[in-house]
Amino acid sequence: MTDINWTIEQPTLDANGIRLRPWRESDIDQVTAACQDAAIQRWTTVPVPYLRDHAVDFVESMAIEQWSDHSGALFCVASPDDRVLGSCGLVSVDAENLVAEVGYWVSAEARGAGVAQRSVKALAAWALGDGGMDRLEIYIEPANLASCRVAEQVGCVREGVLSSKALARGKRVDLVLYAMVP
Ligand SMILES: CC(C)(COP(=O)(O)OP(=O)(O)OC[C@H]1O[C@@H](n2cnc3c(N)ncnc32)[C@H](O)[C@@H]1OP(=O)(O)O)[C@@H](O)C(=O)NCCC(=O)NCCS
């Protein structure tokens, strides 16, 4: 356990017409379908091939365990009629330094409507407020222009390019580091 003072129940966050809410069992099939998308598989760390069991583990174990041990805050981005539009959350929370990484994807059908920008803004407002973080980071491959645009539009500062920072699908890649502080 850490000194982070999160509520027992994961909150629901308003995101300007959409909501960030805890994951539910009824989301599993929508997550499985969304994660078949080539862009999600290319730019995020979801398992490939993405199986229903991965979504079961994500929703029923990872999201709940990470919230309770303060290692992550994984939210479902939901439409007003409660369909899954995407995923947005804190991953790799460094509780000692109060720094967390932000990760997100939006289902292919929901892209281009500001879903990612609204979600990251709402997540960041919570994370840098009640969530107790002092710094948020987003790591993005330079060719992922849509994601770089999201980071810029939500007010992150581009701090630089980290050479050969990660191994992505068996290849070493550079990552652009974006950061947000209160
Ligand atoms: C990146 C992603 C989350 C964006 O979701 P979204 O809901 O469509 O994003 P938004 O609509 O909030 O904003 C996207 C911005 O990128 C711009 N954009 C989209 N495609 C672009 C491209 N190929 N080149 C440059 N800009 C692009 C849009 O015009 C928009 O900017 P604007 O508001 O100035 O017009 C979505 O494309 C996705 O899920 N990609 C795969 C997973 C991923 O890359 N996750 C992030 C890993 S770091």
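## Two loop residues with positive phi

Arginine 169 is found in the loop that joins β7 (157-168) to β8 (171-180). The model described here is a predicted one. Although arginine 169 is not a glycine, its phi is positive, at about 50°. Arginine 169 counts as exposed because it has 9 C-beta neighbours inside 10 Å, and a residue is called exposed when that number is 12 or fewer.

Leucine 98 also has a positive phi without being a glycine, in this case near 55°. Leucine 98 belongs to the loop between β4 (84-94) and β5 (99-106). Its surroundings contain 17 C-beta neighbours inside 10 Å, so leucine 98 counts as partly exposed. That class lies between the limit for exposed residues, 12 or fewer, and the limit for buried residues, 20 or more.

## A cis peptide bond

Another backbone feature appears at proline 49. The peptide bond leading from valine 48 to proline 49 is cis, and its omega is near -5°. Proline 49 itself is part of the loop between α2 (38-43) and α3 (52-69).

## A buried residue in strand β3

Strand β3 covers residues 73-78, and alanine 78 is found in it. Alanine 78 counts as buried because 22 C-beta neighbours lie inside 10 Å; the class of buried residues begins at 20.

Which residues are in contact with alanine 78, once its neighbours within four places in sequence are left aside? They are Ile18, Arg19, Arg21, Arg83, Val84 and Leu85. A further relation links alanine 78 with aspartate 27: the two residues stand 51 residues apart along the chain, while their C-alpha atoms are separated by 9.8 Å.

## The shell around the ligand

The ligand is surrounded by 22 residues. The closest of them are Trp43, Arg111, Ala116, Leu145 and Arg149. By class, the shell consists of 13 nonpolar, 7 polar and 2 charged residues.

Which element gives the most to this shell? It is α5, with 6 residues. Helix α5 spans 145-153, and it is one of four elements that each supply at least two residues of the shell; the others are α2, β5 and α4 (115-127). Two of these elements also border loops described above: α2 stands at one end of the loop that holds proline 49, and β5 stands at one end of the loop that holds leucine 98.

Terms used
Residues are numbered from 1 along each chain as its sequence is written. This is a predicted model: local features need pLDDT of at least 70, side-chain atom pairs count only at pLDDT 80 or more; totals for chains, interfaces and linings use all residues. Two residues are in contact if their C-beta atoms, placed from the backbone, lie within 7 Å. A residue is near a molecule or strand if its C-beta atom, placed from the backbone, lies within 6 Å of it. Ala, Val, Leu, Ile, Met, Phe, Trp, Tyr, Cys and Pro count as nonpolar, Asp, Glu, Lys and Arg as charged, and the others, Gly among them, as polar.
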